[in-house]
Amino acid sequence: MTRKPAPSASEPPRRRKRGFETAGALLAGALKAPAEKRGFGEAKLLTHWPEIVGEDIAAIARPVKITWGRGFGGTLVLLTTGSNAPVLEMQKDRIAERVNASYGYRAIAHVHITQTAPTGFAEGQVAFRAAASKAPPPPDPARLARAMEGVDGIEDTRLKEALARLARNVLTPRQT
């Protein structure tokens, strides 16, 4: 039997072939230090927030940090807008219950709600989902009719429809 010689100190170690890895596995190391800095032992609460608490709560609140006291269970700090704080206040027990269920033990004893503007300050900039925007108003019919005058002579129906869409898009007022 022959043995392979041990690699010398100057040679870089050979990389193992591991095949495909999930994005979560690739990012786990990078997310661990910032998450632990904020009290999150696992980044799971940050990365799977909507699945843990539900889409309705996740749309109006974000977890900021977990503080640990001397007693059992920590305090989860949530960031929300001022108008949504009363809604979250009534659901504190439900939020703590769901978070504890995801951890598998009573990790959270209290939930603290912090209010901010929808586009908070440097530390708490939170992008809450905006309400669905209204459809833009239709273009002025007289201007649209003038723009469509030259389209009548075109025989290709697809080109005619494309030009009509272009005229509507150009003449539709934009809300800025």
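This passage describes the sheet, a helix that lies across it and an aromatic pair in a predicted model.

Three strands make up an open sheet. Their order is 1-2-3, and the pairing is mixed. Strand 1 and strand 3 (108-116) are the edge strands, each pairing on one side only. From one strand to the next, the twist averages 25°.

The pairing of strand 1 with strand 2 is antiparallel. Strand 1 covers residues 61-68, and strand 2 covers residues 74-81. Seven bridges join the two. Within this pairing, Lys65 of strand 1 faces Val77 across the bridge register, standing opposite that residue in strand 2. Thr67 likewise stands opposite Thr75 in strand 2. In a regular strand, side chains alternate between the two faces of the sheet. Strand 1 and strand 2 also form a hairpin, with five residues between them. The turn contains Gly73, which has a positive phi of about 85°.

Helix 6 spans residues 92-103. This helix lies across strand 1, strand 2 and strand 3. Relative to strand 3, helix 6 runs at about 125°.

The structure holds one aromatic pair. Its members are Tyr103 and Tyr105. The two ring centres are 6.1 Å apart, with 50° between the planes. The pair is tilted. Tyr103 has a relative accessibility of 16%. Buried means under 20%, so Tyr103 counts as buried. Tyr103 also falls within the residue range of helix 6, 92-103.

Key: Residues numbered from 1 in each chain as written. Predicted model: local features only at pLDDT ≥ 70, side-chain atom pairs only at ≥ 80, totals over all residues. Heavy atoms only, no water. Pairing = 2+ DSSP bridges. Helix = DSSP H or I, 4+ residues; strand = E, 2+ residues; numbered from the N terminus. Phe/Tyr/Trp six-rings, centres within 6.5 Å; stacked < 30°, edge-to-face > 60°. Buried < 20%, exposed > 50% of the residue type's maximum accessible area, 1.4 Å probe, protein only. Axes fitted to C-alpha atoms, helices over the stretch in contact; angles between N-to-C directions. Contact = heavy atoms within 4.5 Å.
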